Amino acid sequence: MEAFLAQLTNGLIIGCIYGLMALGLTLIFGVLKVINFAHGEFYMLGAYISYVVSQMLGLHPVLGIIIAVFAVFIIGMITEKALLTPIYENKVDQKDEYALLITFGLSIFLINAALVVFGPYQMSPQPLANGVFDLGVLSVSSGRLYAVILAVILMGITLFIINKTWLGTALRAISQDRDSSTIVGIDAKALGSIAFGIGAAMAAGAGALLAPVFLVFPIMGVVPAIKSFVIIVLGSMGSVKGAIYGALMLGVIESLGVFFLSPSYRDAYSFLLLILILVFKPKGLFGGSQWNN
Amino acid sequence: MLSVKDVDSGYGNIQILNGLSLEARKNQLTLLIGPNGAGKSTLLKTIYGFVKTTNGTITYDGEEISSAASHTLVNRGIGFLLQRVSVFPELTVEENLKMGAWSFKRDKNRIKDRLDYMYDKFEILKTKRHEQAGLLSGGQKRILEVSRTLMSSPRMILVDEPSAGLSPKIAKEVYQVLHDLKDEGITMLMVDQNIRESIRYSDHVYVLEQGRVSSESPAADIKDNLKEVVESWLKF
């Protein structure tokens with residue numbers, strides 16, 4: 001029983017952090033209608049930045065996470081301005097294909113840049129905290145517990161911005177009708193950059209939080225990115241609620257699969273779940289819902 | 001007030017407007033009529049910067065706006081009512097209205113005044129202020145779009161097919177609202193297929209064909225020749 005509860009808790013913890021990453025992906029998709037194939041590499045960037053700050057500069061790991069989130073927010077905004085602006089200036093005919101190829105190219109570039117700078121080695125950052133948190137019936141690693149608390153705080157801040165601020169309402173407006181948002185005076189291009197920056201920063205936050213668990217290396221973002229795609233598809237593309245519930249479900253199913261079946265197929269469970277949900281609910285769990293739902 | 005001079009524009013390699021020139025005079029409702037494909041809606045989109053000009057100039061109150069970014073035009077006092085439904089469906093009615101106040105979002109008092117004004121003017125919006133805009137009826141959505149445009153206190157509104165998709169009864173109400181706006185001193189440049197109804201509220205009419213003005217006259221004159229004008233399109 002204790003082992004089962006431990007796996008379930010572990011699943012919820014990992015699910016929360018995947019949720020942070022998937023929320024970033026769904027935010028970018030909702031506002032920009034772009035599927036960001038470089039999302040995993042922003043996750044990787046976040047992990048490396050937090051590693052450099054905490055291990056190389058010797059600062060506190062929490063500071064590493066904060067710096068990673070802010071740095072990738074800026075990098076994300078610059079990336080959007082530099083690479084995606086042609087889509088909104090009608091400079092490309094095949095907009096979807098352009099976005100797909102340019103973000104895919106960015107992904108390859110960032111992986112190779114990390115290889116050049118850090119090499120192919122796996123690096124192990126300092127955990128957020130050492131020791132174990134004893135909850136009576138089960139024990140949770142303090143590092144993971146702090147990681148999930150920070151993930152929930154980051155998600156909470158994002159949800160607050162989306163639902164309670166002028167910026168968030170404007171982002172929701174853009175996601176629903178870009179032309180109408182322009183007519184009321186919203187600079188959809190500028191806010192699109194901010195949305196991309198926030199989305200990338202959320203991936204970076206997830207990367208920095210999971211770095212001590214899954215280690216840091218150039219292609220570390222590939223599997224989490226695929227899982228984020230799985231989450232937003234099974235939760236319904238563009239649904240905030242779907243991204244959060246989908247991530248928790250994925251985390252739990254993975255952990256229970258490891259517990260009841262085999263740890264060897266950990267990554268396969270998410271795809272099995274995706275196939276099953278799409279068979280019975282082709283539009284995903286929250287089919288038809290919009291980004292601001 | 002608004003002057004369009006020798007404007008060419010279009011989509012990609014397809015040119016829709018061919019040296020089009022016209023003027024929308026202050027405090028008047030200027031109506032654009034013409035057959036499908038004449039370039040009426042494209043003209044409004046070109047004025048608002050959604051379609052770029054390749055030649056010619058557009059000036060508003062003496063300032064050139066041909067290359068102005070679309071989102072800045074609301075700050076110059078120009079609003080745009082699109083032909084299609086353009087409410088933000090998953091925002092509430094009040095959030096939609098507040099988005100109309102984006103250009104002065106930090107001025108809480110002004111926003112409150114404008115909201116109160118809209119709720120006085122259109123009571124249905126007050127009743128449904130916390131409902132999602134996507135759940136409103138077609139006529140209510142149109143009223144919300146008009147109100148959202150009015151939130152920024154525009155001096156001129158571009159209106160594209162205000163009665164499209166509405167029942168005759170609701171369309172009549174929308175025309176009455178537009179007529180009231182004209183009486184309040186708002187200049188309008190309007191495209192409409194419902195000529196018989198819209199011409200009653202218009203001051204000046206331009207007939208567009210093949211991306212240019214084929215004729216123009218005071219609305220009062222066209223009212224008498226309406227049948228001939230429409231018949232000439234059918235021949236065309």
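In what order do the 6 strands of the open sheet in chain B run?

## The sheet in chain B

Going across the sheet, you meet S6-S7-S8-S3-S9-S10, and the pairing is mixed. Keep in mind that this is a predicted model. The sheet is open, with strand S6 (78-81) and strand S10 (212-218) of chain B standing at its edges. Each of these two has a single partner strand, so one side of each goes without a neighbour in the sheet. As for twist, neighbouring strands here are turned by 15° against each other on average, if you ignore direction.

## A look at the S6 edge

Which strand does S6(B) pair with over 4 bridges? That would be S7 of chain B, residues 156-160, and the two pair in the parallel sense. To pick out one spot along this pairing, go to B:Leu81: its bridge partner in S7(B) is B:Val159.

## Chain A: elements and overall build

Over in chain A, there are 11 helices and 2 strands. Start at the N terminus and the elements read α-α-α-α-β-β-α-α-α-α-α-α-α. In other words, four helices lead into the two strands, and helices follow from there to the end of the run.

How does chain A's radius of gyration fit with its 293 residues? A compact globule of that length would come out near 19 Å, and chain A has 19 Å, so the value agrees. The C-alpha trace of chain A spans about 60 × 50 × 35 Å along its principal axes.

Buried residues account for 51% of the 293 residues in chain A. Now take the chain A contacts between residues at least 6 apart in sequence: 75% of them join residues at least 24 apart.

Conventions
Residues are numbered from 1 along each chain as its sequence is written. Chains are lettered from A and ligands numbered from 1 in the order in which they are written. This is a predicted model: local features need pLDDT of at least 70, side-chain atom pairs count only at pLDDT 80 or more; totals for chains, interfaces and linings use all residues. Two strands pair if DSSP finds at least two bridges between them. Axes are lines fitted to C-alpha atoms, for helices over the stretch in contact, and angles run from 0 to 180 degrees between N-to-C directions. The radius of gyration is taken over C-alpha atoms; the globule rule is 2.2 Å times the number of residues to the power 0.38. A residue is buried if 20 or more other C-beta atoms lie within 10 Å of its own, exposed if 12 or fewer, and partly exposed in between; C-beta atoms are placed from the backbone. Two residues are in contact if their C-beta atoms, placed from the backbone, lie within 7 Å.
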